[in-house]
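User: I'd like to learn how to read a few features off a model. Could you walk me through some?

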Amino acid sequence: MIELLELCGFEKQEIEAELPRIEKAFNRLGITTEDIERGKQRLNKYYDVELKGIRKVFRLCVREVVSAVLAREEGKKKIIYGFMAPGWEIIGSALVSKSSEVYAANLSWAFQVVLGCVFGKIVPILEAAEKKWLKAGVVTHCANVKTFLGLIVSESVPRPDMLITSGSLCETAPKTLDLLHELYGIPVCCYDTCQDRELSDYLDGTKRAIDMSAKSLRRLTERIQEVVGFEITNDMLREVMDARGGLDRGIRNIRRLIENSDPLPIRAANDNLWTILNMLTLSIDDLPDAIDATNTAYAELQERVDKGLGVVEKGAPRILAMLFAQHADPRLEHLAGELGIAIVASDIGLAVPYDGATEDPYVEISMYLRGSLSTSLPRRIPLIVEGCKRLKVDGVLDRFHAGCRFVSGDAPLLKDAIEKEIGIPVLLLEWENFDPRIYKHEEYKRRLEVFKTMMVKKPA
Amino acid sequence: MEENRLAAHLRDRPAQLAEAKKDGVKIIGTFPGNYVPEEIIYASGAVPLCLTHGGNPHPADAALSVLPHVFCPFARAQIGERLLKENPYYSMIDMLVAPITCQHLKKVAEVWEYDGDLEIFKLGIPHKFDGDFELEYFTDRLRVLKDRLQAFTGNEITDEKIAGAIALYNRMRELLKNISLIRRTSPSLVSALDFVKLNHASFYADPDFMVDVLDSIYQELKDKQQESKADSPRLMLLGPNISYGDYTVLELVKTAGGEIVIEEICEGIRYYWHTIENKGDLYQSLARGYLVDRVPCAFMRDSAKKRLDFALKLVKDFNVSGVIWYELLCCETYDSESYYFAHEMSERNIPMLILESDYGTADTGQLKTRIEAFIEIVKGVT
Amino acid sequence: MTKVVILDSDEKILASVINHTGAEHRRLANKVMEEALEQAGLSFDEISCVIATGYGRITVPFADRQITELTCHARGVSSFFPDVTLAIDIGGQDVKGLKIKDGRLLDFTISDKCAAGTGRFLEIIADALGIKLEDLGDISLKSSNKVSISSTCTVFARQEVISRLSEGTPLEDIVAGIHDAIASRVARMVERLRVGPDILFTGGVAKNIGVVRALEANLGCEVLVPEEPLLSGAIGAALLGKEITLKALANGESIRKGERRLDEATFFK
């Protein structure tokens with residue numbers, strides 16, 4: 001256990017102090033000594049844990065999981081989980097910064113890292129959800145929602161006082177919350193916007209969507225205030241957003257460095273960690289740890305770049321991989337790297353340009369609607385085509401998350417558009433971003449190998 | 001008889017519409033769910049067409065080159081019908097007023113928008129139907145729709161025209177409701193299949209003509225009403241939509257000896273169980289009637305209990321002894337709700353059968369076994 | 001499989017026949033009927049009521065009534081186990097869960113869209129591993145470290161099993177893993193039908209002791225397996241036939257709709 005925690009960036013002193021509660025939480029989650037062994041192997045195999053910055057991110061994820069499991073017994077009087085709720089990382093952060101009696105988590109992400117990526121043990125959680133209303137089978141419910149539901153119904157996390165989600169990115173999540181309310185009596189609240197932006201007036205439509213989202217978020221905050229018993233002021237939100245500025249910059253710098261470096265300085269599976277780090281509802285006191293992780297990693301990566309060190313050979317084909325890295329299983333990203341393919345970016349960094357300078361924190365939070373994942377198909381396709389051109393990628397891996405009707409619907413037309421406009425190959429891989437059971441080694445290996453041969457490096 | 005008159009009208013309808021197009025009349029398509037106020041389209045002088053074809057696996061499969069299989073067969077069928085160019089309705093529409101409801105139909109609208117060869121207006125349906133500012137948003141969008149249609153058709157849409165349209169569609173709703181109520185006392189007079197086809201006809205037929213036909217049918221039926229001796233088990237059908245052509249389940253239930261006396265489906269009862277208030281600010285009226293004062297669809301926020309309560313009321317009012325839940329494969333909201341409904345029905349000892357379909361013809365044998373076993377449960381064997 | 005059961009009015013089994021159906025035999029329900037009659041020492045006219053059930057129930061032209069196998073199984077398993085509230089039937093082609101109360105079917109779930117988890121699945125796996133289907137159970141009981149099979153699809157599970165074998169994974173661990181995969185899938189499928197611990201496991205696959213144990217592990221309770229799991233449907237059908245007969249006699253009605261002859265199904269000619 002101590003070795004594992006060291007691999008996860010814990011220092012000796014902290015291990016001594018925290019070990020009892022970490023062990024308690026792990027026991028609650030059913031983590032055995034076998035799992036710990038496996039965890040160490042997986043960390044060494046898939047992640048660049050020789051980098052201190054990477055270890056620091058794992059530390060924050062482990063801490064998050066432990067705090068979540070023990071929240072009620074450690075004295076948290078109000079527990080609120082958010083799920084698929086863009087902006088919750090800011091509101092939740094404001095809540096925990098204000099009061100130590102409140103526990104606000106952005107649920108499922110850290111658990112996917114720890115239970116899924118590290119221990120390879122997310123499947124029982126998924127199965128718990130499948131026993132309820134997110135059944136397995138052709139209906140292909142998103143495993144992210146399964147993870148969320150599974151954690152609650154398996155009582156891996158304490159019963160919350162409130163659940164929050166957004167319909168802006170997901171239809172299944174609000175329905176799951178509706179049923180949790182009806183069947184379990186848990187208070188829920190959603191915020192939404194209308195997805196009616198038209199290509200012909202995309203910017204006006206975006207403004208309309210952002211305004212509606214902001215209104216909806218303000219109403220959400222009023223509900224939260226009733227639960228926690230204190231006001232959530234604009235200043236509180238601004239303070240969090242300012243503190244997070246360093247985190248945004250840090251992650252952006254790392255990703256930019258990776259995009260611009262040849263050879264690829266860090267293995268693709270690690271990219272997931274930045275996505276998750278960005279979503280943790282860390283308090284203002286804890287945010288510096290996250291920022292430090294990014295700065296440390298950046299410096300270490302810069303060193304590798306300066307020395308020309310890479311995890312894939314120089315001149316390896318560069319690809320854009322759609323959506324995030326797998327949240328609960330690093331094998332696909334690992335396989336791509338083993339086969340000599342450099343995943344340099346994903347489309348989550350792409351956004352529609354929009355000049356919406358504002359003082360209103362709710363409007364600013366709602367700017368997530370500019371992002372690729374929130375963009376409707378006719379606008380998203382040119383956005384990604386532009387992104388491919390800018391990044392000068394040799395191919396695109398569209399591992400389209402089948403459980404998400406939002407993004408998977410774009411895959412076939414996106415492939416046609418990229419192949420036609422840029423002439424680079426696109427590999428469509430039907431995928432599940434949160435479910436390790438989908439991974440078929442032989443099949444994916446074969447297809448990635450063929451994909452690699454199709455990518456012709458253009459002369460410099 | 002009225003059925004023949006209606007059948008003839010529908011047979012001639014594509015040709016009739018083609019002629020109207022030559023005279024400059026616009027044909028404007030929508031999708032079912034009844035979130036698009038057809039009144040506004042009618043008032044613009046254009047012809048509203050609610051595109052509802054389905055049931056046939058061929059167009060649904062044809063769409064797989066454009067949309068992955070995780071999209072429901074109805075959504076894919078819409079793509080396929082337009083792609084294959086064999087269905088005159090789908091090729092002749094000049095504009096689509098797309099209700100932005102569930103993810104599947106939203107994607108269909110986006111795909112057609114991307115294709116670029118059809119005028120599209122996206123009508124955003126706020127998913128929190130009972131919110132304070134949501135009603136305002138929807139009302140506003142209805143006014144924008146009006147402006148768009150005025151520009152598109154070149155005809156002014158006055159409040160008088162809207163009032164006239166509301167009166168007409170209210171009449172249609174009343175008649176459909178009245179005929180439904182006849183099925184409560186005398187289900188053998190109008191079978192489920194006949195009624196569903198009648199409702200579907202109202203999406204494609206000329207609205208004035210349709211009201212006339214419905215009126216005649218209603219007059220004819222109301223005198224024949226009598227309390228029927230319930231021999232066949234009385235059933236209710238619950239689901240997203242039975243599309244025009246997706247009649248297998250209805251037929252199988254009938255053959256197995258069950259009588260569906262009421263349907264709670266997307267393009268059905270939620271539309272005609274209430275009327276639109278025809279006074280005051282008509283756009284507010286329409287917004288309230290179409291968004292708020294009706295049973296919500298499953299994709300709406302906080303809708304599960306409201307939908308359940310409505311279904312339970314129908315079970316009671318229509319003296320239903322079993323519920324058939326018919327969902328299309330890959331519909332994530334309905335699939336989730338099926339668990340909730342099954343749980344609640346089971347608590348109240350109301351037998352419920354859950355059926356799934358992706359329009360495949362291979363389904364039939366399996367559907368038949370399930371339906372027959374269900375009827376055996378409801379009716380008893382001995 | 002075609003099965004015939006003849007019961008007397010005390011519900012004693014006078015004859016039982018289990019035959020492979022095959023493509024030819026489907027129209028020869030009468031031949032199997034004749035075999036049963038011979039076993040019982042009865043003539044066809046001495047049978048008061050014939051109930052046909054199962055997929056091929058429409059190919060039994062001499063049946064007085066057709067009842068789905070779901071209802072028949074529910075009745076049949078209740079005769080072995082009166083308190084049963086859930087029956088799990090894993091047959092050759094499908095998996096069924098039956099919620100039962102006092103012998104009556106209340107609710108059900110069927111998985112019949114693919115082979116995964118059925119008897120056919122086990123046949124394919126046994127073949128891939130080069131062992132006999134009937135040996136799977138005993139082999140799996142030797143395992144103390146079952147593997148985790150991730151594929152839910154028969155084709156991919158077969159591939160996975162073969163590659164595990166070539167990697168040197170012990171045979172018993174693979175088989176135990178396959179059994180566990182089936183059991184966990186089935187347990188999830190029937191979860192919503194469960195009311196208590198009185199669970200019965202029937203169908204051809206119930207003869208596999210490995211699957212029985214795996215199912216118990218996944219359900220968290222013991223399951224009862226009837227002595228002859230293949231006959232539950234036929235026995236249930238006969239019992240329902242008895243009820244129908246008695247009710248008809250009490251009401252002075254005829255059971256038969258028309259003339260009944262022990263003929264082949266004619267619509268295949």
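User: Into which domains is chain C divided?

Analyst: Keep in mind that this is a predicted model. Chain C splits into domain 1, covering 2-71 + 232-250, and domain 2, covering 83-225. The C-alpha centres of these two domains of chain C are 28 Å apart.

User: How do I read the interface, and what area do domain 1 and domain 2 of chain C bury between them?

Analyst: The general idea first: people often give an interface's size as the accessible area lost when the parts come together. Here, domain 1 and domain 2 of chain C bury about 550 Å² between them, with 59% of it on carbon and sulfur atoms. On the domain 1 side, C:Y55, C:L70 and C:S232 supply 81% of the area buried against domain 2, more than any other three residues. In terms of contacts, 5 residues of domain 1 of chain C touch 8 residues of domain 2 of chain C.

User: How many salt bridges are there between domain 1 of chain C and domain 2 of chain C?

Analyst: The count is 0 salt bridges, and there is 1 residue pair in polar contact, with both residues at pLDDT 80 or more. Helix α3 of chain C (residues 69-80) gives the largest share of the domain 1 side that touches domain 2, namely 3 residues.

User: Now a single helix. Which residues of helix α4 of chain C are buried?

Analyst: A handy rule: an α-helix has 3.6 residues a turn, so residues three or four places apart point the same way. In α4 of chain C (residues 119-129), the buried residues are C:G119, C:F121, C:L122, C:I125, C:A126, C:A128 and C:L129.

User: What covers the buried residues of α4(C)?

Analyst: The cover includes β5 (86-90), α5 (136-141), α6 (154-167), α7 (171-190) and α8 (209-219), which belong to chain C. Just after α4(C), C:G130 takes a positive phi of about 75°.

User: Last one, cysteines. How many disulfides does a search of the whole structure find?

Analyst: The search finds 0 over all chains. The check is a sulfur–sulfur distance, with a cut-off of 2.5 Å. Take B:C50: its closest cysteine sulfur is in B:C266, 9.2 Å away, so the two are too far apart for a bond. B:C266 isn't in a disulfide either, as its nearest cysteine sulfur, that of B:C297, is 4.0 Å away.

User: Is B:C50 buried or exposed?

Analyst: B:C50 counts as buried because its relative accessibility is 2%. B:C266 counts as buried too, at 10% relative accessibility.

How values were computed: Residues numbered from 1 in each chain as written. Chains lettered and ligands numbered in written order. Predicted model: local features only at pLDDT ≥ 70, side-chain atom pairs only at ≥ 80, totals over all residues. Heavy atoms only, no water. Buried < 20%, exposed > 50% of the residue type's maximum accessible area, 1.4 Å probe, protein only. Helix = DSSP H or I, 4+ residues; strand = E, 2+ residues; numbered from the N terminus. Contact = heavy atoms within 4.5 Å. Domains from an automatic or database assignment. Buried area = accessible area lost by both parts, 1.4 Å probe. Salt bridge = Lys/Arg side-chain N within 4 Å of Asp/Glu carboxyl O. Polar contact = N/O pair within 3.5 Å; in protein donor to acceptor, adjacent residues only side chain to side chain.
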